[in-house]
Amino acid sequence: MATLEIDHLNKSYGTLRALKDMTFSVESGEIFGFVGSNGAGKTTTMRIALGVLRPDSGEVRWDGRPLDLQMRRRVGYMPEERGLYPKMKVAEQLTYLARLHGMSAADARTAVDHWTEVLGVAARRGDEVQKLSLGNQQRVQLAAALVHDPQVLVLDEPFSGLDPVAVDVMSGVLHERAAAGVPTVFSSHQLDLVERLCDRVGIVRGGEMVALGTIDELRTTDFSRWRVVAPDAPPGWADAIPHTTVLDVDGAATVLELTSPAAGAEQAILQAALAHSPVREFTQVRPTLTDLFRHVVSADETPATEENAA
Ligand SMILES: Nc1ncnc2c1ncn2[C@@H]1O[C@H](COP(=O)(O)OP(=O)(O)OP(=O)(O)O)[C@@H](O)[C@H]1O
């Protein structure tokens, strides 16, 4: 198994620059979460990764070589627009897709039995796809991405519309595929799930990768938050501390965020609190992926320098 490399992809639709130097790689056995606001460029990247869309420049490599038609057949792809034939029966459809990817009839049948069983749609094998609930159609769609034993997985929103049990099943499948060495990239707006499941995460904004790393790396290289419990401090005590903004006040507890990595800023918070009150607690709050996402995605496009330097 090898690495999937997305290397400096650029793509415009007319005058809209959908991707700007999009770059990341997914190692063998790694689960990579691809997150960003609506329209950030995730689907465009994934379509290019599979080869259904051409970049204006840049390259997608697998095992060090540009992804060609033959290698694309080894990718398990779940498109955003989905792609099942509504009138075709579940097992027929999955068998057809497996055969299209070069499997023998016997292997295809075994794989269809296996994946419909794992994904909980075995009882629906003989039903037309259009007769299934949306969640079950989604399970069949996942089976379609997995049925040909792909060596890479590229999944656009694979968890959307799944019930909690199906989410657990799918999470288990991704872990199991990762343990077998398959690199996986998936997009999702369910950030708690991404945080739980992924080895590394990429956050995109306006077609650009704006944060990339493990959750722990993103936490330490980004911004920091502090929780102060100062029972005797008057309301508003924390409002004017330089390089900070107050995020939340709950009784005696105040949560502040550093707005720039100024040296000694956290000490300034502590001193300000001590000027008014004994301090019962002064701890760093570990941001969740949702916190990091909000911070990165809502960041002003223009450099925020003058305001704080004044
Ligand atoms: N075929 C197209 N023609 C013109 N513009 C497009 C086309 N496909 C995508 N875009 C635009 O490119 C940008 C990136 O879209 P893309 O679908 O890649 O975003 P996304 O991150 O997958 O969003 P979502 O989370 O909503 O699925 C958006 O501004 C979108 O409107």
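**Two domains, two cores and a ligand shell**

The C-alpha centres of domain 1 and domain 2 lie 43 Å apart. The model is predicted. In the domain assignment of the chain, domain 1 covers residues 4–214, and domain 2 covers residues 223–286.

The nonpolar cores come next. The largest one has 65 residues. Leu94, Val112, Ala143, Ala145, Val147, Val154 and Val201 have the most contacts inside this core. Helix H5 (residues 134–146) supplies the largest share of the core, six residues. Leu94 touches Val112, Ala143, Ala144 and Val147, with residues up to four places away in sequence left out of the count. A second core is separate and has nine residues. Among them are Ala230, Ala238, Leu256 and Ala272. In soluble globular proteins, nonpolar side chains tend to be buried together.

The ligand has a shell of residues around it. Tyr13, Leu16, Ala18, Gly36, Asn38 and Gly39 are among the residues of this shell. So are Ala40, Gly41, Lys42, Thr43, Thr44 and Glu80. Two elements, strand E2 (16–26) and helix H1 (42–50), each give two or more residues to the shell. The largest share, three residues, comes from H1.

Helix H1 is largely enclosed by the rest of the structure, because seven of its nine residues are buried. These buried residues are Lys42, Thr44, Thr45, Met46, Arg47, Ile48 and Ala49. Lys42 and Thr44 thus appear both in the ligand shell and in the buried set of H1. Just after H1, Gly51 takes a positive phi of about 95°.

An open sheet is formed by four strands. Their order is E12-E13-E11-E14, and the pairing is antiparallel. Strand E12 (244–250) and strand E14 (281–285) stand at the edges. Each has a single partner strand, so one side of each is left without a neighbour in the sheet. From one strand to the next, the twist averages 20°.

Within the sheet, strand E11 (residues 225–229) and strand E13 (residues 253–258) run antiparallel and are joined by five bridges. Trp226 stands opposite Leu256 in E13. Leu256 also belongs to the second core. Helix H9 (residues 265–274) lies across E11, E12, E13 and E14. The helix runs at about 15° to E11.

Key: Residues numbered from 1 in each chain as written. Predicted model: local features only at pLDDT ≥ 70, side-chain atom pairs only at ≥ 80, totals over all residues. Pairing = 2+ DSSP bridges. Axes fitted to C-alpha atoms, helices over the stretch in contact; angles between N-to-C directions. Contact = placed C-beta atoms within 7 Å. Domains from an automatic or database assignment. Core = buried A, V, L, I, M, F, W, Y, C linked by C-beta atoms within 7 Å. Buried ≥ 20, exposed ≤ 12 C-beta atoms within 10 Å, placed from the backbone. Near = placed C-beta within 6 Å.
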